[in-house]
Amino acid sequence: MKDRWRGARFGRPRHARKKGPFQPVTHPKPHVEPAAPHGDPHPLAALKSGPLKGEIAVPGDKSISHRALMLGGLATGRTRIRGLLESEDVINTARAMTALGAPAQKNGDVWEVLGRGTGGLRNPEGPIDFGNSGTGARLMMGVIAPHDVTVTMVGDASLSKRPMARVLGPLKAMGVNVEGEGDRLPLTVRGSSRLAPIHYVLPVPSAQVKSAVLLAGLGTAGETSVVEREATRDHTERMLRYFGAEVATAPAPEGTRISVRGQSELTGRDIAVPGDPSSAAFLVAAALIVPGSEVTVRGILVNPTRTGLYTTLQEMGGDVVFLNQREEGGEPVADIRVRYSELSGVTVPAERAPSMIDEYPMLAVVAAFARGVTRMEGLAELKVKESDRLAATVAGLLANGVTTEASGDTLTVEGSGRGVPGGGLVATHLDHRMAMAFLVMGLASDAPVTVDDTAMIATSFPTFQSLMEGIGARFGEATK
Ligand SMILES: O=C(O)C1=C[C@@H](OP(=O)(O)O)[C@@H](O)[C@H](O)C1
Ligand SMILES: C=C(OP(=O)(O)O)C(=O)O
């Protein structure tokens with residue numbers, strides 16, 4: 001039974017879902033098509049490029065986009081979202097909220113969510129597909145939890161391998177019921193309007209787990225709190241407050257305690273989503289390693305819980321500066337200007353990992369162009385992303401002639417300071433960030449770098465290739 005469900009997709013196949021950013025939701029019948037994970041792979045090669053130049057913007061932040069759709073659906077009244085990231089992961093969340101009774105759709109260039117009020121969601125007509133998205137699936141477990149609804153959640157082959165116990169553990173302790181084999185999707189989550197609040201100390205530094213518990217607490221009578229030892233991205237807390245919820249943050253013996261007062265009413269709001277620093281990272285990294293480059297990426301979220309990569313690049317000697325710093329929609333925003341730089345290896349401390357957790361594949365590639373060893377510590381969480389990013393990064397670097405090693409939770413990369421041979425074929429394992437990081441490598445390496453599949457890039461950064469080409473990046477047919 002389990003195998004038959006693995007990677008199952010519902011509704012239209014991937015190639016037929018590309019007509020526009022939003023399709024009206026047609027509830028699929030609870031009939032399972034045999035797994036057809038992501039269609040044919042799309043390999044691509046990145047070629048050595050001339051100086052990258054330009055001033056550009058990248059699409060909206062993925063984390064904030066998911067949360068805006070979810071909180072909009074839980075609020076009373078209409079929420080209008082500008083700059084929503086129209087990527088597959090986020091569109092799946094829009095479809096999920098629609099299936100749960102809070103329709104999300106695009107009018108002109110604004111996304112509107114018709115909120116149902118805290119506790120107002122209804123049973124979907126069929127299973128809900130979260131595609132490749134850990135954030136979509138895990139946060140939605142928290143959204144569903146305090147509702148009297150039953151939801152079967154499915155995902156693609158990558159998401160169906162990712163651990164869900166980290167979220168389901170605390171939710172079960174509150175009274176949520178879960179059916180399925182083990183802790184992997186597909187799972188059926190049965191929420192309840194009579195959950196008990198909990199006080200939960202996070203065993204892993206994860207904003208997804210923190211957020212799921214806070215979202216469950218939002219619909220639960222009493223106060224629910226989470227304690228985190230290391231600061232993880234705080235968009236849920238910020239946005240909950242913006243929508244009118246009572247959220248308090250205070251020091252605790254084990255770290256920081258974040259608590260939410262349950263059953264407070266949220267009110268629909270207008271939200272402007274800033275540019276995604278995790279997407280901007282690819283442009284910034286490319287400009288740093290391609291000689292002669294100068295690029296400015298406008299309007300990027302620079303919340304300190306997200307900027308660990310930028311701090312690290314500056315420590316390596318990178319000419320990376322935040323210009324025109326301002327606050328937009330309760331989040332700090334800046335234009336990031338980057339110029340080609342000669343870089344040196346550094347040690348990146350484990351405490352910094354949560355603030356750059358999605359950026360390690362890109363940093364490892366940049367480190368290959370630096371002089372000396374870069375040591376990245378505390379990377380256990382990389383093993384449970386869309387792929388095992390620790391293993392996949394090592395394999396990709398080795399395939400391109402870079403000396404590297406993973407030992408326990410530490411990754412070391414030896415930069416010769418004399419360039420990178422390239423010429424390798426990189427396996428991306430249904431992981432968008434692996435594909436983008438190694439395409440960036442090919443723009444500066446001696447021989448082209450080929451990635452085996454670019455299709456997953458659409459999960460977070462659908463305009464990656466065209467934006468890169470717009471500043472001068474060259475791509476070509478796969479050579480492997
Ligand atoms: O909360 C979020 O929006 C995210 C949290 C991180 O995951 P973890 O919570 O598993 O660290 C990150 O990797 C993911 O891309 C987005
Ligand atoms: C880990 C990521 O996302 P998610 O967990 O939402 O799949 C990512 O975007 O790098």
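**Two domains and two ligand shells in a predicted model**

Reader: Is glutamine 208 buried or exposed?

Author: In this predicted model, glutamine 208 has 23 other C-beta atoms within 10 Å. A residue counts as buried when 20 or more such atoms lie within that distance. Glutamine 208 is therefore classed as buried.

Reader: In which helix does glutamine 208 lie, and with which residues is it in contact, leaving aside its neighbours within four places in sequence?

Author: The helix that holds glutamine 208 is α6, residues 207–218. Once neighbours within four places in sequence are set aside, the contacts of glutamine 208 are Gly134, Thr135, Arg138, Leu139 and Val167.

Reader: Which element gives the most to the shell around ligand 1?

Author: The residues surrounding ligand 1 are Ser63, Thr135, Ser206, Ala207, Gln208, Ser211, Arg233, Ile357, Asp358 and Glu381. By class, this shell holds 2 nonpolar, 5 polar and 3 charged residues. The element that gives the most to it, with 3 residues, is α6.

Reader: Which residues does UniProt list for "binding site"?

Author: The UniProt entry is unreviewed, and its "binding site" annotation may be inferred rather than shown by experiment. Among the listed positions is Arg67, which the model places in helix α2, residues 62–74. Arginine 67 is buried, because 25 other C-beta atoms lie within 10 Å, and beyond its neighbours within four places in sequence it is in contact with His235, Thr236 and Met239. The full list in the record is Lys62, Ser63, Arg67, Ser206, Gln208, Asp358 and Lys385.

Reader: Between which domains does ligand 2 lie, and why?

Author: Around ligand 2 are Ser133, Gly134, Thr135, Asp358, Lys385, Glu386, Arg433 and Ser460. This shell has no nonpolar residues, with 4 polar and 4 charged. Both domains give residues to the shell, so ligand 2 lies between domain 1 (44–59 + 274–476) and domain 2 (62–271).

Reader: How many residues of domain 2 are in contact with domain 1?

Author: The centres of the two domains, taken over C-alpha atoms, are separated by 29 Å. The side of domain 1 that touches domain 2 divides into 8 nonpolar, 7 polar and 7 charged residues. Across the contact, 22 residues of domain 1 meet residues of domain 2 numbering 24.

Reader: Against which elements do the buried residues of α5 pack?

Author: Helix α5 spans residues 165–174, and its buried residues are Val167, Leu168, Pro170, Leu171 and Met174. After α5 comes glycine 175, whose phi is positive, near 125°. The buried residues of α5 pack against α4 (134–144), β8 (177–180), β10 (199–201) and α6.

Reader: Which residues touch the most other members of the largest nonpolar core?

Author: In soluble globular proteins, nonpolar side chains tend to be buried together. The largest nonpolar core here has 82 residues, and a second, separate core of 65 residues includes Ala96, Met164, Val167 and Phe243. Leaving aside neighbours within four places in sequence, valine 284 is in contact with Val297, Val320, Ile336 and Val338. In the largest core, the residues that touch the most other members are Val284, Ala285, Ala286, Val366 and Val440.

Terms used: Residues are numbered from 1 along each chain as its sequence is written. Chains are lettered from A and ligands numbered from 1 in the order in which they are written. This is a predicted model: local features need pLDDT of at least 70, side-chain atom pairs count only at pLDDT 80 or more; totals for chains, interfaces and linings use all residues. Helices (H or I, at least four residues) and strands (E, at least two) are DSSP runs, numbered from the N terminus. A residue is buried if 20 or more other C-beta atoms lie within 10 Å of its own, exposed if 12 or fewer, and partly exposed in between; C-beta atoms are placed from the backbone. Two residues are in contact if their C-beta atoms, placed from the backbone, lie within 7 Å. A residue is near a molecule or strand if its C-beta atom, placed from the backbone, lies within 6 Å of it. Ala, Val, Leu, Ile, Met, Phe, Trp, Tyr, Cys and Pro count as nonpolar, Asp, Glu, Lys and Arg as charged, and the others, Gly among them, as polar. A nonpolar core is a set of buried Ala, Val, Leu, Ile, Met, Phe, Trp, Tyr and Cys residues joined through C-beta atoms within 7 Å. Domain bounds come from an automatic or database domain assignment.
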